[in-house]
Amino acid sequence: MAYVRVDYAKIVNGVSSQGSVMLKGELLAHEEELVKEAEMEAAKKEGTVSDNVKILGFKEI
């Protein structure tokens, strides 16, 4: 199974920060599901809700 690196930005009260998370999965086969999972994982990592996270891009590794 491939890994996908997801880059994201967290925006809270006009202040943004960037980060990335690694997910297991196929990028092309399940992009919609990866976006939802990536938002949840990034929010968990940042200690916020997924509404404050914007996915910037994916890179299959």
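At 19% relative accessibility, Lys-10 counts as buried, since the cut-off for that word is a relative accessible area under 20%. This residue makes a useful starting point for a walk through the structure, which is a predicted model. Lys-10 lies in strand 1, and, leaving aside its neighbours within four places in sequence, it is in contact with Val-15, Ser-16, Ser-17, Glu-46, Thr-48 and Asn-52.

One of those contacts deserves a longer look. Lys-10 forms a salt bridge with Glu-46, and the closest N and O atoms of the two are 3.5 Å apart. Because Lys-10 belongs to strand 1 while Glu-46 belongs to helix 1, the pair ties together parts that are 36 residues apart in sequence. Glu-46, for its part, is partly exposed, with a relative accessible area of 24%, whereas Lys-10 is counted as buried.

From Glu-46 the reader can turn to the helix that carries it. Helix 1 runs over residues 31–46, and at 1.5 Å a residue its 16 residues should span 22 Å, which agrees with the 22 Å that separate its end C-alpha atoms. Which residues of helix 1 are buried? They are Leu-34, Ala-38, Ala-42 and Ala-43. Seen down the axis of helix 1, these buried residues fall within an arc of 160°, so they line one face of the helix. An α-helix has 3.6 residues a turn, so residues three or four places apart point the same way. What covers the buried residues of helix 1 includes three strands, namely strand 1 (3–12), strand 2 (15–24) and strand 3 (53–60). The face of helix 1 that is turned away from its buried side carries the exposed residues Glu-32, Glu-33, Lys-36, Met-40 and Lys-44. Just after helix 1 comes Gly-47, which takes a positive phi of about 70°.

Lys-44 leads to another salt bridge, in which its side chain meets that of Glu-41 at 3.7 Å, N to O. Both Glu-41 and Lys-44 lie in helix 1, three residues apart, and this separation is about one turn of the helix. The two partners differ in how they are covered: Glu-41 counts as partly exposed at 30% relative accessibility, whereas Lys-44, at 61%, counts as exposed.

How many salt bridges does the structure have by the distance rule used here? The count comes to three, and the one that has not yet been described joins the side chains of Arg-5 and Asp-7, at 3.1 Å from N to O. Arg-5 is partly exposed, with a relative accessible area of 35%, and Asp-7 is also partly exposed, with a relative accessible area of 27%.

Arg-5 is found in strand 1, and its surroundings bring several distant parts of the sequence into view. Not counting residues up to four places away in sequence, Arg-5 touches Ser-20, Val-21, Met-22, Gly-57, Phe-58, Lys-59 and Ile-61. Arg-5 and Ser-20 are 15 residues apart in sequence, while in space their C-alpha atoms are 6.7 Å apart. A further pair of this kind is made by Glu-60 and Ala-2, which are 58 residues apart in sequence and 7.1 Å apart in space, C-alpha to C-alpha. Glu-60 has its place in strand 3, and with a relative accessible area of 36% it is partly exposed.

Two of the residues touched by Arg-5, Met-22 and Ile-61, also appear on the surface in another role. Together with Tyr-3, Met-22 and Ile-61 form a nonpolar patch there, and the accessible area of this patch is about 320 Å². Ile-61 lies in the segment after strand 3, and at 57% relative accessibility it counts as exposed.

The last stop is the loop between strand 1 and strand 2, where Asn-13 is found. Is Asn-13 buried or exposed? With a relative accessible area of 76%, Asn-13 is exposed, because the word applies to values over 50%. Asn-13 also has a positive phi of about 55°, although it is not a glycine.

How values were computed: Residues numbered from 1 in each chain as written. Predicted model: local features only at pLDDT ≥ 70, side-chain atom pairs only at ≥ 80, totals over all residues. Heavy atoms only, no water. Helix = DSSP H or I, 4+ residues; strand = E, 2+ residues; numbered from the N terminus. Expected span 1.5 Å × (residues − 1). Buried < 20%, exposed > 50% of the residue type's maximum accessible area, 1.4 Å probe, protein only. Arc of directions from axis to C-beta. Contact = heavy atoms within 4.5 Å. Patch = residues over 30% accessible without salt bridge, like charges linked within 9 Å, V, L, I, M, F, W, Y side chains within 5 Å. Areas by Shrake-Rupley, 256 points an atom, 1.4 Å probe, with all protein chains shown as cover. Salt bridge = Lys/Arg side-chain N within 4 Å of Asp/Glu carboxyl O.
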